[in-house]
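Q: Please take one part of this protein and go through it closely. Then set it in the context of the whole chain.

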Amino acid sequence: MANTGCGPTAAAMVATAYGKKADPLDANSMSYATGMRAPDGSTNPDFFSGYAASKGYGMRRGPTSSGMIASNLNKGRPVVLMGKGGAFGPDMHYIVANKIAGRGRVGFVDPWTGASRTTTMGSLMSNTASTIYSYGKGPASAPHSADESAPTSICLLYTSPSPRDRTRS
């Protein structure tokens, strides 16, 4: 996980936001056990839906849309974004968007450092390669769009401050 654990760490962060017990090392093990890690260690974006279902809530890939991202965040539902450049840094990397910060800015947590920062929605849109939306409290059928389920109140907690869990992917 030292260099490529941002995907499993992001998954565990979202689970924690939904009040689920989660550990990035367990998420990492599941990503390998389910074949969702590439030989280079990067995490397949489809990993998040299986991980979320195992924890009792939902996640699903969707279009990278500023409107959908803002809608989810305004309802208290974190959004996992994978991208390169800007807030993501120089390499392909996952971050967890957790709030609308005002003035066109989005708050996010970097799973590699645990740092909370903000960036513009425009920067996210131009640098995001994949978007994974979270929804609901249970793994019932996925909504047709990320905007169809009831709002959830959350609080993100960075669960892996150990230097061994610092990741980039």
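A: Two strands pair if DSSP finds at least two bridges between them; strands are DSSP runs of E of at least two residues, helices runs of H or I of at least four, both numbered from the N terminus. This is a predicted model, in which local features need pLDDT of at least 70 and side-chain atom pairs count only at pLDDT 80 or more, while totals for chains, interfaces and linings use all residues. Residues are numbered from 1 along each chain as its sequence is written, and side-chain values use heavy atoms, with hydrogens and water left out.

By that rule, strand β4 (residues 105-109) pairs with strand β5 (residues 116-120) in the antiparallel sense over 5 bridges. Phe108 has Arg117 of β5 as its bridge partner. The hairpin leaves 6 residues between the two strands, and Gly114 takes a positive phi near 80° there.

The part for the close look is helix α2, residues 24-33. Its N-terminal end is capped by Asp23, with a side-chain oxygen 2.7 Å from the backbone nitrogen of Leu25 (a polar contact is a donor-acceptor pair of N or O atoms within 3.5 Å). Just after α2, Gly35 takes a positive phi of about 75°.

Within α2, the buried residues (under 20% relative accessible area, 1.4 Å probe; exposed is over 50%) are Pro24, Ala27, Asn28 and Ser31. These residues lie on the same side of α2 because they cover an arc of only 105° around the axis, taken from the directions from the helix axis to the C-beta atoms. The face turned away from this buried side carries the exposed residues Asp26 and Ala33. The buried residues of α2 pack against α1 (6-17) and α3 (47-55), where contact means heavy atoms within 4.5 Å.

The largest nonpolar core (buried Ala, Val, Leu, Ile, Met, Phe, Trp, Tyr and Cys joined through side-chain atoms within 4.5 Å) has 22 residues, and Val14, Phe48 and Tyr51 are among those with the most contacts inside it. Two or more residues each come from α1, α3, β2 (79-83) and β3 (93-102). Helix α1 gives the most, 7 residues. A second, separate core of 14 residues includes Met68, Val79, Val106 and Tyr133.

Over the whole protein there are 5 helices and 6 strands, in the order α-α-α-β-α-β-β-β-β-α-β from the N terminus. Of its 169 residues, 49% are buried.
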